[in-house]
Amino acid sequence: MADTERWEPILAAVGIRATNQRLLVLDALAAHRLPVSAQRVHAELQDRGERTGLTTVYRALASMTEAGLVHAFTHAGEAVYRLCGSAEHHHLVCRVCGLVAEREEKDLVDGFRAEEVYGICAACAER
Ligand SMILES: [Zn+2]
Ligand SMILES: [Zn+2]
């Protein structure tokens with residue numbers, strides 16, 4: 001069972017319906033520190049005994065990405081997804097492990113808005 005009470009208001013805030021598939025996908029995304037692929041989410045749902053198909057997982061991710069609730073990235077040539085906060089932000093993305101941090105834009109330089117800024121996270125830098 002998905003954590004309906006946790007996700008319903010979040011989905012309502014972005015104006016999309018809280019379908020069971022979306023709730024399950026959000027549960028899976030929330031359990032990860034790093035962005036994850038649709039295949040990974042699908043495999044985890046299978047492990048939990050959910051019979052959600054891969055296409056359904058893709059569709060749930062696509063609708064929530066479109067709604068701005070989930071943000072999509074590319075890591076190692078693969079599309080990966082992350083459940084982001086609601087405040088407007090851009091991303092700091094670790095080039096090595098794919099970790100994403102959110103940063104609020106306060107100082108615009110010449111009106112330029114950053115989307116993704118790539119670098120190396122603290123843990124990878126120490127290695
Ligand atoms: Zn984000
Ligand atoms: Zn890293």
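In this predicted model, the four donor atoms around the zinc ion (ligand 2) subtend angles of 104 to 115 degrees, which makes their arrangement tetrahedral. Ideal angles for four tetrahedral donors at a metal are 109.5 degrees. The donors are the SG atoms of Cys94, Cys97, Cys121 and Cys124, at 2.3 Å. Cys94 belongs to strand β3 (residues 90–94), whereas Cys121 is in the loop between β5 (116–119) and α5 (122–126), so this pair ties together parts that are 27 residues apart in sequence. Cys94 is buried, with a relative accessible area of 3%, and Cys121 also counts as buried, at 13% relative accessibility.

A further site holds the zinc ion (ligand 1), whose protein donors are His71 (ND1), Cys84 (SG), His89 (NE2) and His91 (NE2). This site is tetrahedral as well, with angles of 99 to 125 degrees among its four donor atoms. His71 in strand β1 (residues 70–75) and Cys84 in the loop between β2 (78–83) and β3 link distant parts of the chain, 13 residues apart. Cys84 counts as buried, because its relative accessibility is 10% and the cut-off for buried is under 20%.

The table sets out the two sites.

| Zinc ion | Donor distance | Donor spacing in sequence |
|---|---|---|
| Ligand 2 | 2.3 Å | C-x2-C-x23-C-x2-C |
| Ligand 1 | 1.9 to 2.1 Å | H-x12-C-x4-H-x1-H |

The largest pocket has a volume of about 160 Å³. Its lining includes His71, Cys84 and His89, which are among the donors of the zinc ion (ligand 1). The lining residues divide into six nonpolar, five polar and one charged.

How values were computed:
Residues numbered from 1 in each chain as written. Chains lettered and ligands numbered in written order. Predicted model: local features only at pLDDT ≥ 70, side-chain atom pairs only at ≥ 80, totals over all residues. Heavy atoms only, no water. Donors = N, O, S within 2.8 Å, 3.2 Å for Na, K, Ca; no water. Tetrahedral: all angles 85-135°; square planar, octahedral: opposite > 155°, others 65-115°. Helix = DSSP H or I, 4+ residues; strand = E, 2+ residues; numbered from the N terminus. Buried < 20%, exposed > 50% of the residue type's maximum accessible area, 1.4 Å probe, protein only. 1 Å grid on protein atoms, 1.4 Å probe; cavity = no way out; pocket = protein on both sides within 12 Å on 5 of 7 lines; lining within 4 Å. Points joined across faces, edges and corners; volume = space filled by probe spheres on them. Nonpolar A, V, L, I, M, F, W, Y, C, P; charged D, E, K, R; others polar.
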